[in-house]
Every structure is written in C-alpha cells, then in structure tokens.
Amino acid sequence: MQWLEITIVTTEDASDAICEMLAQIGADGIAVEDPYEIKRIIEDPDSLAYADEGYLDSLGLDVTIKAYFAEFDDGIRLGAKSEEYDNPDGVGMIYSNIRNTTVSKDDAIEFLKERLNNIGEFLPLGKGLTGYKYVKDEDWANNWKVNYHAFDISDRITICPSWLADENKSEKITIFLDPGSAFGTGTHETTSMCAEVLDQVISPDDKILDVGTGSGILAIICSKLGCKNVEAVDIDRLAVDVAIDNCSKNDCADIYCHTGELKDAAGKGYTIIVANIIADVICAIAGDVPDALAPGGTFICSGIINTKKDRVEKALKDAGFEIEEIREKNDWMLYRCRKI
C-alpha cells in the first residue's frame, strides 16, 4: 500500500480546525509541526528544554500540517465508512457534508481545497495546501513520529507516546497515548485546559461523562485520577474504536466507551460532564446538559474560540448554569459551570 501525503501550511488560528476537518474526512494520520508549541515549551520557566540562540526565530510563523490518506486499488477513501456508525442518523449535524466514497487523487485534492476554502471564510488560512507526494508504507509508519514527545498536561499527569515508553522518566501519572486520526492528543490548548481543571476538581466518587471523547484522553485522565465511574461517548465510530484501544493500553478498560451523542448517554445524575468539542455544538447541547447532571453538578466545556465566547456564555446562562470559572489560552476558552 502507498500513502498520499498532503502538506498544508497554515496559521496557528486555523490549524486546529484544519486538523479536525482532516480527521473527519478520513485521514489515516495527521502530523503537526507547530512553532508556537515549540516556543511555549522552550520559554516555559518550568521546562528543562532549551535551544541555541536564534533557534526560535528560525522556526518562523507557519504551522505545517501533513495528512496521510491510504490509496487503494480503486482510489482514495474520503469520509468514514457507513459501518463505522452504530447510529448514522445521529451524526448529521457535524458529518452531513462529509463524503463517503472512494475518489481519484485529483478529486481528493480538489475536495481538500474546497474544505480548506470553507475554513478560510472564518479563520486566516495562510498558504493552504502547498503540495502532495506519495510515500511508502514503512516511511509513513515511522517518520511522522519524530514530531511527538512526552509532556506534562496537568500537575499530576504526563502524556507519553507509546514508542517512548522506555525513555519516560516522569514520576507523575503517565498516560500512553499515540496520535492518530481521532482528535485529541493533549497538545492543544483546549485539551490541556480541560485536563488542568479535571485534575483540580475530580474526586473518586464522581460520576463522569465525556462528550465527544475523541482519543479518550479526558476520560482516561479521569480514571487515572481515581474516578471509578467514567463514560465516554463520541458520534464518530472511528474515534470510539481509538478511545477503546487507548483505554485498554492504559489499564482503563472499565471506562464505558460507545458511539452516540449526549442524548445517548447510558445514565443520568452525572456529577461532572466534560465536553471538549466546538462552540456551535456546545451551544446546541447546552439546554440538554442540566437534565443529565446531578443537582449541583459541574459542566466543563472547551473547544471554544474566543470570537464565539459571547454566544457560548449566553447559551450556558440560558440553560440555567452558573459560570464559576473562565480560562483562556491563546484565544481558546474553557468554562466551568455549576447546575443551579
């Protein structure tokens, strides 16, 4: 098998949206070279990382994203296979405009350009798609790993790729999580803010629901911090499969991962619901969250670009929440709310 490697050069503002779009249309792997992330690590006073003089300036301002699509005999598949959904009627809100077909390389490139142009209507796109090439199976399987490393995501948690397990010397709780097409490896601001808040508020007696679990990272964090009752749900069957695998790798197989939306949650009376998704979806589900929460329960939501914070705050207040904490990292917002 060979892989089509797509290179997109973009801005920090648009990189997250592009990665999620690529995951949604069926990318089998996504690698991100983010100079801003490297700068934050090196400039962190608590970090042991260092760089030679002039290195930070040499990184430039562009974020480079490489996406990998497997090419089969009949072409390149775009979109999740229909059998990857237990409930295909429940994914229309986000996935209704995602193709479910195998196309030629040229058609795949044109479709990617179209999706990038759609993102460019709302976020500064930068250079966009700059090129593509074919890579051999063994090259794709290993070369992209060089961009990932272990890092601390909260006071008590370290995230470490599995292939670096032997090199991990952290005394913190370690979660082994490999980047993949399911969104959420912990490097993004929204995920790290959720992890930080969960680290501070979780107790072993909590009953937790992770909506839009992606890679399962937040559910795994909850379990590793001692919570015994954790449920994770996502509308993407592929994401659920990845989350289940990650839970197993981290000895958290008791986390209940399944396909669905908030309305498909297995129970009621959750003490904490966390949703690291996108602003529009948070606004859409805000009114339904209180019914799933226990009295005085906590709703933690992120994935919100600050240009949409007013809309989100209104939706939360209209749903009857008291906003107890607001965090912001690099234009991304998190809200911790209490059910009144």
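User: In this predicted model, which strands form the open sheet with the order β7-β8-β9, and how is its pairing described?

Analyst: A sheet is read by following each strand to its partners. Here three strands, in the order β7-β8-β9, make an open sheet whose pairing is mixed. The edges are taken by β7 (151-152) and β9 (173-176), each of which has a single partner strand, so one side of each is left without a neighbour in the sheet. Between β8 (residues 157-160) and β9 the strands run parallel and are joined by four bridges, and within that pairing Ile157 has Ile173 in β9 as its bridge partner.

User: Which helix lies across β8 and β9, and at what angle to β9 does that helix run?

Analyst: The helix is α8, which lies across β8 and β9 and runs at about 150° to β9. The burial of this helix can be read residue by residue, where buried stands for under 20% relative accessible area. Seven of the eight residues of α8 (residues 217-224) are buried, so the helix is largely enclosed by the rest of the structure. The buried residues are Ile217, Leu218, Ala219, Ile220, Ile221, Cys222 and Ser223. After α8 comes Gly226, which has a positive phi near 110°.

User: How does one read burial in a helix such as α5, and which of its residues are buried?

Analyst: The general idea is that an α-helix has 3.6 residues a turn, so residues three or four places apart point the same way. In α5 the buried residues are Ala108, Ile109, Phe111, Leu112, Arg115, Leu116 and Ile119. They cover an arc of only 165° around the axis, which puts them on the same side of α5. As for its length, α5 (residues 105-120) has 16 residues and reaches 22 Å from its first C-alpha to its last, close to the 22 Å expected at 1.5 Å a residue.

User: What do the buried residues of α5 pack against?

Analyst: They pack against β1 (2-10), α1 (12-24), β3 (63-72), β4 (75-78), β5 (101-103) and β6 (128-136). One residue of β1 can serve as an example of contacts made across the sequence, namely Gln2, which is found in that strand. Gln2 counts as partly exposed, at 35% relative accessibility. Leaving aside residues up to four places away in sequence, Gln2 touches Phe69, Ala70, Glu71, Tyr134 and Val135. Of these, Tyr134 is 132 residues from Gln2 in sequence, yet the two are 6.6 Å apart in space, C-alpha to C-alpha.

User: What share of the contacts in the protein comes from residues 24 or more positions apart?

Analyst: Among the contacts with a separation of 6 or more, residues 24 or more positions apart account for 69%. Alongside that figure one may set the burial of the protein, in which 51% of the 340 residues are buried, and its accessible surface, which comes to about 15,900 Å², with 47% of it belonging to carbon and sulfur atoms. The secondary structure of the protein consists of twelve helices and 16 strands.

User: What is the strand order in the open sheet of seven strands, and which strands stand at its edges?

Analyst: The order is β12-β11-β10-β13-β14-β16-β15, and the pairing is mixed. At the edges stand β12 (256-259) and β15 (321-329), each with a single partner strand, so one side of each is left without a neighbour in the sheet. On average, neighbouring strands of this sheet are turned by 15° against each other, direction ignored. The edge strand β12 runs parallel to β11 (residues 229-234), to which four bridges join it, and Val233 stands opposite His258 in β12. Helix α9 (residues 237-249) lies across β11 and β12, running at about 165° to β12.

User: Which residues other than glycine have a positive phi, and where do they lie?

Analyst: Two cases can be described here, and each is read by joining the backbone angle to the place and the exposure of the residue. Asp251 has a phi near 55°, lies in the loop between α9 and β12, and is exposed, with a relative accessible area of 69%. Asp331 has a phi near 80° and lies in the loop between β15 and β16 (332-339), where Asp331 counts as partly exposed at 33% relative accessibility.

How values were computed. Residues numbered from 1 in each chain as written. Predicted model: local features only at pLDDT ≥ 70, side-chain atom pairs only at ≥ 80, totals over all residues. Heavy atoms only, no water. Buried < 20%, exposed > 50% of the residue type's maximum accessible area, 1.4 Å probe, protein only. Contact = heavy atoms within 4.5 Å. Areas by Shrake-Rupley, 256 points an atom, 1.4 Å probe, with all protein chains shown as cover. Pairing = 2+ DSSP bridges. Axes fitted to C-alpha atoms, helices over the stretch in contact; angles between N-to-C directions. Expected span 1.5 Å × (residues − 1). Arc of directions from axis to C-beta.
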